[in-house]
Amino acid sequence: MTPASGGFAAAASKEGGIPVRERYEHFIGGAFSPPASGRYFSNHDPSTGEPFGAFARGDAVDVRRAVEDAAAGQSAWMAMRPAARGQVMLAIASRIRRDLDALAWLESLDSGKALWLSRLDVETCARYFEYFGGVADKILGEVIPASNEHLMYMVREPFGVTAHIIPWNAPITQAGRGAGPALAAGNAVVMKPAEETCVTTLELARICVEAGLPPGAFNVITGYGEEAGQALTSDAGIRKIAFTGSVETGRRVMKAAADRVVPVTVELGGKSPFVVFDDADLDSAASLARKAFVLNAGQICSAGTRLLVQRRCVPAFVERLTRELDKVRIGPGVEDPDIGPVVSEQQRQRVERYIEIGRAEGARLAYGGYRPADSRLRGGYYVAPTLFVDVANSMTIAQEEIFGPVGCVIPFGDEEEAVRIANDTQYGLAAGVWTRDVARSHRVAGRIQAGQVYVNDYQPIGVEAPFGGYKNSGYGREKGLEALHHYTQTKTIIVRTAPDGATAG
Ligand code: NDP
């Protein structure tokens, strides 16, 4: 089904469940709340280019109010027994699943993401609440056997109010990915979604409160990064910051955290190698290579965009991969194609600029490199899947994150060279290794500098596996139990238990 031109509201209301709002306000203290300044900004539907929606333009005044309400929300949240907190999080997961179709529909309209992928993202968001809800009453301390005259024990406590700045490529999953562990550990959340994609983060916060989260425990401030985002990272009430986005903004956020001596975790994207040895199953490798750099129109931080292919099998691999790219259906997100548009005209121009740079630097365009010809897609921000071959790893398109459906085939000779090229990057988020040689798969996986390495697969596992970067891909881990530790601080309590007058040991 194609939404009518400018028909964001009409199309979404057809899905039922969650109506499209005329105006999107902040979500503060358990209720939608207008911005103090009275200012709003508008967005565009990436699939059609039509304007839609009015979104509260947050500033420091709104942020302050949200952080104050979050402090009250955190007290109420912590007053509940841990098991009861876990039960609320499980109730949230059920509510998300109940509204899965409606949330996915809104996500696709707002971001341009293909509907099938939005459905997966909403399910993943539910899984974050389920997974972390399950550990809310299992955040254990330790007894430390240091002295016979003392009882020494360590407990894990929440920070208080945590700030979460999330990007536009997977809004509802990233909202769940941050809020899940933060809430499970007993914190309250203030979140700023990217200005391009605010809708599902706001609806998620509403669902959380309706499912039993105390008002104030999950707040959302919409607005611009330099205004609302910056105000959030510098607010005096924030005790921990989690950021996902570009390296450049990540550095700014880390500096803001340093000024306030607040812990920060940053997930900053990548330029992940997808290494194909000539003994690999080339059909599977080509099929997963398509997923690696085309999924979500390439707007995935762990996208496998550097296709390192052993020289002898480059022609066979490229032939298979181009056949795979022929199959990619591109269209409006809500029509459920394989991929939708990129998120904005600005992002499309950025991707197209990189395609021009690739040509100018001497890489050979083997596929795509243009806007789709279908006249129905003229208004949206589409980029056809694009493949460069004969790419040198030193080229700009092999070194910089493009965040569009653009892959680069980089030939290598032997294992040593593959590892050297794989690691010759400022990033280190993810990597794929394709080989039938078991010993080599472990050897290479062990030598690649990346937070996650997949062997004969790509991005197969979601919520449970720790995820995060080496090098400029960031610091700290999202997902899995590892994420939980970033949302607690330890306190050691030492109690003298020896009778009065006894000497300490
Ligand atoms: P940014 O890193 O600028 O944006 C990410 C988030 O940070 C958004 O919510 C943004 O708000 C916010 N933000 C921006 N400036 C500040 C600030 N000074 N203080 C606090 N928060 C701030 O990414 P862009 O949207 O500009 O995308 C540019 C490139 O970044 C992409 O092409 C891609 O290469 C990379 N990127 C990587 C992502 C990843 O998952 N690792 C995700 C998104 C982008 P607002 O949207 O209002 O500016």
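Author: Domain bounds come from an automatic or database domain assignment. For this chain, a predicted model, that assignment gives domain 1 (23-268 + 472-490) and domain 2 (273-455). Taken over C-alpha atoms, the centres of domain 1 and domain 2 are 31 Å apart.

Reader: What makes you say domain 1 and domain 2 are in contact?

Author: Contact asks for heavy atoms within 4.5 Å. By that test, 26 residues of domain 1 meet 28 residues of domain 2. Put the two domains together and about 2,100 Å² gets buried, with carbon and sulfur atoms giving 57% of that area.

Reader: Which elements give two or more residues to the domain 1 side of that interface?

Author: They are α4 (100-111) and α5 (115-133). With four residues, α4 supplies the largest share of the side of domain 1 that touches domain 2. Sorted by class, that side has ten nonpolar, eleven polar and five charged residues.

Reader: How many salt bridges, and how many polar contacts, cross between domain 1 and domain 2?

Author: The rule finds zero salt bridges across that interface. Polar contacts do turn up there: 13 residue pairs, both residues at pLDDT 80 or more.

Reader: Why is the pair Asp278 and Arg312 called a salt bridge?

Author: The rule wants a side-chain nitrogen of Lys or Arg within 4 Å of a carboxyl oxygen of Asp or Glu. In this pair the closest N and O atoms are 2.6 Å apart, so Asp278 and Arg312 pass. By this rule the whole count comes to 38 salt bridges.

Reader: What does the pair Asp278 and Arg312 tie together?

Author: Asp278 sits in the loop between β12 (273-276) and α10 (282-294), and Arg312 in the loop between β13 (306-310) and α11 (314-326), so the pair links parts that are 34 residues apart in sequence.

Reader: Which residues are closest to the ligand?

Author: Of the 30 residues surrounding the ligand, the closest are Trp168, Glu195, Gly225, Ser246 and Arg350.

Reader: What makes the approach of Glu195 to the ligand a polar contact?

Author: The N or O atoms must be within 3.5 Å. A polar side-chain atom of Glu195 is 2.6 Å from an oxygen atom of the ligand, so Glu195 qualifies. Lys192 has a side-chain N or O atom 3.1 Å from a ligand oxygen atom, and Gln230 has a polar side-chain atom 3.4 Å from a ligand nitrogen atom.

Terms used. Residues numbered from 1 in each chain as written. Predicted model: local features only at pLDDT ≥ 70, side-chain atom pairs only at ≥ 80, totals over all residues. Heavy atoms only, no water. Buried area = accessible area lost by both parts, 1.4 Å probe. Polar contact = N/O pair within 3.5 Å; in protein donor to acceptor, adjacent residues only side chain to side chain. Nonpolar A, V, L, I, M, F, W, Y, C, P; charged D, E, K, R; others polar. Near = heavy atom within 4 Å.
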